[in-house]
Amino acid sequence: MPAIDWKNRTDHVPFLLTACAAVFLSACGAGDPVEAPAEPDVQTEATAPASLIEQALADSSRPEDHRSADARRKAADLLAFAEIDAGDTIGDFIPGGGYWTRLFAKSTGPTGTVFAFTPDSDSGQPQLEDIAADTDNYANVIITPLVAGAPITSPEPLDVLWTSQNYHDLKNLPPPVTTATINAMLYGTLKPGGLYIIVDHSAAADAPNEVTDTLHRIREDLVREEVEAAGFVFVESSDVLRNPSDLMDLNVFDDTIRGNTDQFILKFRKPE
């Protein structure tokens, strides 16, 4: 497969494209600060003990800006929706500043493991050195760099694979990388019965495909179509991050909507 000169790309998301190239070009051989449905939204019951979710949210070692964002980001609801349980093995795919990584570390308890699949050091993305260094609080987090040219697999089969506000950018990668390639690789990281959770910014039902680049949004139905085509089975969706006042016509970084976009949350399962 031909190499791509990611470092010399000049578009507005070079760091993410570099990160994704590291994963997906190898897979072909193998967002964080900002935050039309095909099926009715439904909620799921928490499987993680409430005490573990509460402990995760109360973790005083988390940065203050993370803790202050919990209500807006509906952290407790999303942890429950992802069915995270004590002892689970979680993959946090392109974790940004590690907001969810820290929560996963605490909500899986001391017997859980969290693999933070981070871009390489040339990407401009956070490397989560602070989490790696904090062995008193995050000893169960394993920083797993995405290395260009190397086969990308999970060190252990995952119970849950999570990606937040990243899927739309995967659509902006140049050929030969496609979301079909990406989803095939991600499928392989999960245990049979494992869950794939996608959170992203909603695009209008009639939005063109280019909206992934122009507005950093994506149509929910398109995500479902592509993920199901990879062999995943749709389980349910959640509407806890819906915002009816978001007209979906602005870039998610626009100051008038940043941090308050309408977002969809989808849960898929790898068949047993």
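Is Pro 145 buried, partly exposed or exposed? In this predicted model, Pro 145 has a relative accessible area of 46% and is therefore partly exposed, since that class lies between the limits of 20% and 50%. The residue belongs to strand S3, which spans residues 141-145. Pro 145 is separated from Phe 115 by 30 residues in sequence, and the C-alpha atoms of the two are 9.6 Å apart in space.

The interior was examined next. The largest nonpolar core comprises 29 residues, of which Trp 100, Phe 104, Trp 162 and Ile 197 touch the most other members. Two or more residues are contributed to this core by each of the helices H2 (50-58), H5 (75-81) and H6 (99-107), and likewise by each of the strands S2 (113-118), S4 (158-164) and S5 (190-201). A second core, separate from this one, contains 26 residues, among them Tyr 167, Met 185, Leu 222 and Leu 266. In soluble globular proteins, nonpolar side chains tend to be buried together.

The surroundings of Phe 104 were considered individually. When neighbours within four places in sequence are set aside, Phe 104 is in contact with Leu 79, Ile 84, Ile 90, Asp 92, Val 114 and Trp 162.

Helix H2 buries Leu 52, Ile 53 and Ala 56. Viewed down the axis of H2, these buried residues fall within an arc of 100°, and they therefore line one face of the helix. The cover over the buried residues of H2 includes H5 and H6, and H2, H5 and H6 are among the elements that give two or more residues to the largest nonpolar core.

Technical notes:
Residues numbered from 1 in each chain as written. Predicted model: local features only at pLDDT ≥ 70, side-chain atom pairs only at ≥ 80, totals over all residues. Heavy atoms only, no water. Core = buried A, V, L, I, M, F, W, Y, C linked by side-chain atoms within 4.5 Å. Buried < 20%, exposed > 50% of the residue type's maximum accessible area, 1.4 Å probe, protein only. Helix = DSSP H or I, 4+ residues; strand = E, 2+ residues; numbered from the N terminus. Contact = heavy atoms within 4.5 Å. Arc of directions from axis to C-beta.
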